Amino acid sequence: MKLKSIGPLQGEISVPGDKSITHRAIMLASLYNGETVIYKPLLGEDCLSTINIFRQLGVNISITSDKIIVDSPGYEAFQEPDDVLYTGNSGTTTRLLCGLLAGLPFKTVLDGDDSIRKRPMGRIIEPLRQMGVNIKGNENRFTPVVINEGTLSNINGIDYVMPVKSAQVKSAILFAGLFANSEVRITEQDISRNHTELMFNQSNIDLEVDDNKIVLKPLSIDKLKMHDITVPGDISSAAFFIVAALIVPDSRIVLSNVGTNITRNGIIEVVKMMGGNIEVIERSVNAEPVSDIIVSYTGDLKAITIEGELIPKLIDEIPVIALLLAHANGKSVIKDAEELKVKETNRIDTVVSELNALGYNIQPTHDGMIVHGQSRVDRTRNIFDSFNDHRIGMMLAIAALIELEPIEIHRFEAVNVSYPNFLDHIKQLKGDL
Ligand SMILES: O=C(O)C1=C[C@@H](OP(=O)(O)O)[C@@H](O)[C@H](O)C1
Ligand SMILES: C=C(OP(=O)(O)O)C(=O)O
């Protein structure tokens, strides 16, 4: 794929549905005996992996352009799959299902693509074992993961202080906890995305949250009652266009119906700290708040430090935030973000290799990066690579929007993982490419 500057971005788009919320909605709706409609879901490859797995377990799931209908016989009627459950590129599917599948009365095996096979699963296996889950991983810490082989899990509660800042670990424990015979208590160091907690509450499940502490009552699965769900737009997808509008001169765009949950809105805080032109208009608050975001070009952005409790609120946005910081005046720092190393790629390495080859000046550190803003030199190559990481592919495409000479992005199809109509939206904001 080749891309270069196309002039200012103008107009309005609705980014696709939130990936984290879509996964959770498919999972809970599948556990429930009945029909649930999920409106405006993300139909990216990661969510299709989740859907295919529940189809293998016997759930009837139909898909149209703007909804998913989950018609489930309920988890008690699930069938034992003949095959490995393939999670593709999706860490969320892999980790959350380790918890959920523990509650089923048969053996399952989870495995994914080459990237998933390198991602740490020990962080899930260890607390799930403490809960009595029968789970084994390759070398105890990777996929394939085998659940309930030989003996079924007898799931107990747990009192767990999270050693990593990860909503996937928290959610795996909560999904296993639905089947636990005693209370599950989780304490987080820094609060990570809380979509599981909000959706459990919305689905009649007894879960209490007090600041960074969560308590889930025993055998909550018996209480599950689903309602139809409308998925807000994904702020992690909106982030690419927020940055595009800020760095492409004369741009002004409206991103409508974006989820602005406080555990996810770090990018908005960052843009405000940098002095960027951004306006957030809240439209509705059901389980999840939804807003329109208006953002326009800002020539004079301040350098900042991003650290601590802000990191989990913007972890997936860091590749494109690095590009934004490279346009600020002076030295910015991203720290406490070692989790970047265990995403689809090591996103410290892939951001630094690709943006520095474009001529930007970013130094990697052990837990983030130092971005020297406004100190660009000539690019050293014209061919770039997503490394099969959707967020690196899209970050490069946004970087291209200020390049007079085109850049070529290899393995660009990775964007289908989370944003299948990404290029259509660039076109929509500009006319022809
Ligand atoms: O729970 C979720 O839906 C997610 C949690 C985050 O991962 P970690 O839990 O590994 O931080 C995030 O990076 C991922 O894209 C989605
Ligand atoms: C890290 C991501 O997703 P996952 O962990 O589900 O693969 C992401 O979408 O950036």
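**Figure 1. The whole protein, with 13 helices and 23 strands.** Helices (H or I, at least four residues) and strands (E, at least two) are DSSP runs, numbered from the N terminus. This is a predicted model, in which local features need pLDDT of at least 70 and side-chain atom pairs count only at pLDDT 80 or more, while totals for chains, interfaces and linings use all residues. Residues are numbered from 1 along each chain as its sequence is written, and chains are lettered from A and ligands numbered from 1 in the order in which they are written. The C-alpha trace spans about 60 × 40 × 40 Å along its principal axes. A compact globule of 433 residues would have a radius of gyration near 22 Å, so the 21 Å of this protein agrees; the radius is taken over C-alpha atoms, and the globule rule is 2.2 Å times the number of residues to the power 0.38. Of the 433 residues, 53% count as buried. Here, buried means that 20 or more other C-beta atoms lie within 10 Å of the residue's own, exposed means 12 or fewer, and partly exposed is in between, with C-beta atoms placed from the backbone. Among contacts with a separation of 6 or more, 74% come from residues 24 or more positions apart, a contact being two residues whose C-beta atoms, placed from the backbone, lie within 7 Å.

**Figure 2. Where domain 1 meets domain 2.** Let us look at the two domains together. Domain 1 is made of 2-16 + 232-428, and domain 2 of 19-230; these bounds come from an automatic or database domain assignment. Their centres, taken over C-alpha atoms, are separated by 29 Å. Each side brings residues to the contact: 20 from domain 1 and 20 from domain 2. On the domain 1 side, these are 9 nonpolar, 5 polar and 6 charged residues. Ala, Val, Leu, Ile, Met, Phe, Trp, Tyr, Cys and Pro count as nonpolar, Asp, Glu, Lys and Arg as charged, and the others, Gly among them, as polar.

**Figure 3. The shell around ligand 1.** The residues shown are Ser20, Gly91, Thr92, Ser166, Ala167, Gln168, Ser171, Arg193, Ile315, Asp316 and Glu339, where a residue is near a molecule if its C-beta atom, placed from the backbone, lies within 6 Å of it. Two elements, H3 and helix H6 (167-177), give two or more residues to this shell. H6 gives the most, with 3 residues. By class, the shell around ligand 1 holds 2 nonpolar, 6 polar and 3 charged residues. Both domain 1 and domain 2 supply at least three residues each.

**Figure 4. The shell around ligand 2, with Asp316.** Surrounding ligand 2 are Asp46, Ser90, Gly91, Thr92, Asp316, Lys343, Glu344, Arg391 and Ser418. This shell has no nonpolar residues, 4 polar and 5 charged. Here too, domain 1 and domain 2 each contribute at least three residues. Asp316 carries the UniProt annotation "active site", from an unreviewed entry; UniProt positions are given in the numbering used here, feature names are shortened, and annotations may be inferred rather than shown by experiment. Follow the chain and you will find Asp316 in the loop between strand E18 (305-306) and helix H10 (318-325). Asp316 counts as buried because it has 25 C-beta neighbours inside 10 Å. Not counting residues up to four places away in sequence, Asp316 touches Ser236 and Arg391.

**Figure 5. Gly91 and Arg119, two of the annotated positions.** The unreviewed UniProt entry places "binding site" at Lys19, Gly91, Arg119, Gln168, Arg347 and Arg391. Gly91 belongs to helix H3 (residues 91-102) and is buried, with 20 other C-beta atoms within 10 Å. Beyond its neighbours within four places in sequence, Gly91 contacts Ile116, Arg119 and Gln168. Arg119 sits in the loop between helix H4 (114-118) and helix H5 (122-130) and is partly exposed, with 19 other C-beta atoms within 10 Å. Leaving aside the same kind of sequence neighbours, Arg119 is in contact with Gly91 and Val342.

**Figure 6. Backbone details at Pro144, Asn148 and Asp250.** Most residues other than glycine have a negative phi, and most peptide bonds are trans. The bond from Thr143 to Pro144 is cis, with omega near 0°, and Pro144 is part of strand E9 (residues 142-147). Asn148, in the loop between E9 and strand E10 (158-161), has a positive phi of about 60°. Asn148 is buried, with 20 other C-beta atoms within 10 Å. Asp250 also has a positive phi, of about 70°, and lies in the loop between helix H8 (235-247) and strand E15 (252-259). With 11 C-beta neighbours inside 10 Å, Asp250 counts as exposed.
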